[in-house]
Amino acid sequence: NWYAVSGDGYSSAPTFSGGEAAIPKLISLSFQGRFGRLSYLNGFWAIFGFLLLSIIIIIGIVSWVFSFLNQTFSGVISVLAMIGLGIYVYILYLRNISLRAHDLNISTLAILIQILVIPIALSIITFIVGISSGLPSRFVIAVMNGDMPMRNLPTFFYIFEIINMIYGAYIFFLNLYLLVWAGKKETNAWGAPPRQGSYVGLILTIISLLGLVGIILYAASQYY
């Protein structure tokens with residue numbers, strides 16, 4: 001089918017006696033290989049841990065540089081470092097989703113169109129139409145006049161809001177599909193089926209969800 005684009009190449013990961021491929025590194029820029037469901041979760045937690053560690057290191061370095069240089073230069077270094085980190089982490093996020101998609105016989109190109117190209121296109125269209133209709137100036141004038149800025153908006157605004165809501169729901173179910181659906185058992189354009197990952201990511205996810213539920217219940221009990 002159109003999802004299986006062999007142009008992504010075959011994975012060079014070593015295979016084991018059972019015909020399973022080695023799990024690709026969780027932190028890498030290579031888009032080769034396949035992630036199972038557990039490795040997919042592990043990948044997200046690895047990215048999260050990498051992000052936290054990197055932020056701590058950047059803050060430490062900037063604080064050290066600040067003790068020797070002026071505040072402006074340290075601020076520039078901090079901003080550039082954070083921008084570079086953000087780009088790198090986002091690439092890791094796209095890679096994690098792509099490798100999981102490979103296990104379901106979906107190409108990197110197909111998944112990037114759905115989670116990257118479409119939202120960018122929607123944002124650009126919304127921005128262009130909004131600017132051309134004078135929406136920003138109308139918004140400022142409404143605020144200055146004490147009016148409700150979200151009232152009497154152009155019809156296109158509500159249309160795009162509906163489109164964005166539909167797209168958001170689609171992305172939710174796409175991520176749910178990537179998370180719960182079993183991968184293909186046969187070798188495809190991205191290599192043999194990967195070995196089963198560890199349960200670390202699943203355990204951390206369950207603990208996080210239970211903690212979140214506990215916080216919500218505690219907050220609700222304090223409110224009522």
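## Aromatic pairs in and around helix H1

Tyr 40 and Phe 44 sit 4 residues apart in helix H1, a spacing of about one turn of the helix. This is a predicted model, and a total of 7 aromatic pairs is found in the structure. In the pair made by Tyr 40 and Phe 44, the ring centres are 4.9 Å apart and the planes meet at 70 degrees, so the arrangement is edge-to-face; the cut-off for that label is an angle over 60 degrees. As for cover, Tyr 40 is buried, with a relative accessibility of 2%. Phe 44, by contrast, is partly exposed, and its relative accessible area is 25%.

Next comes a pair that reaches across the chain. Phe 50 and Tyr 88 have ring centres 5.5 Å apart and planes at 55 degrees, so this pair counts as tilted. It links distant parts of the chain, since Phe 50 belongs to helix H1 and Tyr 88 to helix H2, with their positions 38 residues apart. Both rings have some access to the surface: Phe 50 is partly exposed at a relative accessible area of 25%, and Tyr 88 is partly exposed at 27%.

## An aromatic cluster

Tyr 40 and Phe 44 turn up again in a wider group. Together with Tyr 90 and Tyr 93, they form one aromatic cluster. If you have the structure open, it is worth picking out these four side chains together: Tyr 40, Phe 44, Tyr 90 and Tyr 93.

## A buried salt-bridge network

Now to the charged side chains. The whole structure contains 3 salt bridges. One of them joins Arg 34 to Asp 103, with an N to O distance of 2.8 Å. This contact also spans distant parts of the chain: Arg 34 is in the segment before H1, while Asp 103 is in helix H2, and the two are 69 residues apart. Both Arg 34 and Asp 103 are buried.

Asp 103 has another partner as well. It forms a salt bridge with Arg 100, where the closest N and O atoms are 2.9 Å apart. Here the contact is local, as Asp 103 and Arg 100 both lie in helix H2, 3 residues apart, or about one turn of the helix. Arg 100 is buried, as is Asp 103. Through shared partners, Arg 34, Arg 100 and Asp 103 are joined into one network of salt bridges.

## A partly exposed salt bridge

Glu 20 and Arg 195 also form a salt bridge, and their closest N and O atoms are 3.9 Å apart. The two ends come from distant parts of the chain, 175 residues apart: Glu 20 lies in the segment before helix H1 (37-66), and Arg 195 in the loop between helix H5 (155-180) and helix H6 (200-223). Glu 20 is partly exposed, with a relative accessible area of 33%. Arg 195 is likewise partly exposed, at 38%.

## A nonpolar surface patch

Finally, have a look at the surface. Leu 29, Val 76, Val 79, Leu 80, Ile 83, Ile 87 and Ile 91 make up a nonpolar patch of about 620 Å². One of these residues, Ile 87, is found in helix H2, which runs over residues 71-103. Helix H2 is also home to Tyr 88 of the tilted aromatic pair and to both Arg 100 and Asp 103.

Terms used:
Residues are numbered from 1 along each chain as its sequence is written. This is a predicted model: local features need pLDDT of at least 70, side-chain atom pairs count only at pLDDT 80 or more; totals for chains, interfaces and linings use all residues. Side-chain values use heavy atoms; hydrogens and water are left out. Patches are made of residues with over 30% relative accessible area and no salt bridge: like charges are joined within 9 Å, nonpolar side chains (Val, Leu, Ile, Met, Phe, Trp, Tyr) within 5 Å. Accessible areas come from the Shrake-Rupley method with a 1.4 Å probe; for residues, only the protein chains shown count as cover. A salt bridge is a side-chain nitrogen of Lys or Arg within 4 Å of a carboxyl oxygen of Asp or Glu. Buried means under 20% relative accessible area, exposed over 50%, partly exposed in between (1.4 Å probe, protein chains only). Rings of Phe, Tyr and Trp (its six-membered ring) pair if their centres lie within 6.5 Å; planes under 30 degrees apart count as stacked, over 60 as edge-to-face and the rest as tilted.
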